[in-house]
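Q: I am new to this structure and would like a close look at one part of it. Could you walk me through it step by step?

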Amino acid sequence: MLAIPQEPQKDVVQPSEYIGSPPEEGEDESRLLLRFAAPRDPVMVADWISFNVIDTERQDWARGWSALKTFMERELHARVPYGFKEGAFPLGTWVAEQRRAYGAGQMTGRRAQRLEKLGMVWNLADERFQENLEAAKAYYADHWTLCAPRSAAALDRPVGQWLSNLRRPGALEGRPEWKAALEAVDAHWNPAWPAEWQRHYAALRELLTDEDDRSEVLPGFTVHGMDVGKWLSKQRQHAVWEGLMEEQRELLEAVGVVPLPPEQAEPAKAPTKAVSAFEKGVAALEQYKAREGSLSVPRGHEERIVVGGQEHVVRLGVFLSNSKSRRAKLTADKLAALAGLGLEWAAE
């Protein structure tokens, strides 16, 4: 109807007009100009109406996508703060509206795909969970458990506090996929028994992976700052063993730990003059060096030695590897004994 003259042209020339939202500061003019003083072509009028009135939402969405692309290329992620503006464009509120539309099922598949290619995360909670899960995996690789103390950190993240929060009743309600992801890392990440017990067990399991002789795990033997030997002695006591949950006893039995006889209230103390595992290792290394003329011991090598009239098999390669990795925990006399055999790292 705009294209149909309604009355004769007046002598006063009507000014040309733009209709629609003006461009933001720094943006080019993108609206069509309708010249009322000139003959009005119906096709041109239809394009003008479509571009400036009907399709303004499409034009605004394209501007938002372009602003998000600029942000992503600069920041390398698409997590835009709510109040952030890219230039004059309110990108933060625009992104929030896209998430709302996506969650309500009001977004087309094509738009969703275009945003996902830019790295759009529809659920920020899921993204934070995945980032913390990677830190939890790194902690597990070092400690063999996800029952971390609250102060624990990994990959510069407070993973201990995060895991503690997730262990609270109802914390994972409605999040079965989160629970499954944690159990895939550690089936006992949220045990029915105290987390401290699980930490000690994990330290013992890590230790026994390299040590076959469980009788040598005596009080005073520490792993990650925990006295695993003292803890193990307590677990083997008949009264304590009977007080454990069945699954706890199964875990201990799986690594070869058995309880003491009921009549033996306290575990038998090691003989005063018993030869320690460290002394056996030093004797085996001395024997190996005398025979081979070298301290380069393969990790899987076992050395047979006779000490105190008894034959012992020492996993010499494992002994050396463990001693070096735990150098900071070795006493001065132990370091001196190793250095005296020619191990340079022990003399540093």
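Which residue just after α12 takes a positive phi?

A: Happy to help! This is a predicted model, where local features need pLDDT of at least 70, side-chain atom pairs count only at pLDDT 80 or more, and totals for chains, interfaces and linings use all residues. Residues are numbered from 1 along each chain as its sequence is written, and side-chain values use heavy atoms, with hydrogens and water left out.

The residue you ask about is Gly293, with a positive phi of about 70° just after α12. Helix α12 itself covers residues 277-292; helices here are DSSP runs of H or I with at least four residues, and strands are runs of E with at least two, numbered from the N terminus. The end C-alpha atoms of α12 are 22 Å apart, which agrees with the expected 22 Å because its 16 residues count at 1.5 Å a residue (the expected span is 1.5 Å times one less than the number of residues).

Several residues of α12 are buried, among them Phe278, Leu285 and Tyr288 (buried means under 20% relative accessible area, with a 1.4 Å probe and protein chains only). The buried residues of α12 pack against β3, β4, α13 and α14 (contact means heavy atoms within 4.5 Å).

Two of those partners form a hairpin: β3 (residues 303-307) and β4 (residues 310-314) run antiparallel, joined by five bridges (strands pair if DSSP finds at least two bridges between them). Glu303 stands opposite Val314 in β4. Two residues lie between the strands, and Gly308 takes a positive phi near 65° in this hairpin.

How values were computed
Buried < 20%, exposed > 50% of the residue type's maximum accessible area, 1.4 Å probe, protein only.
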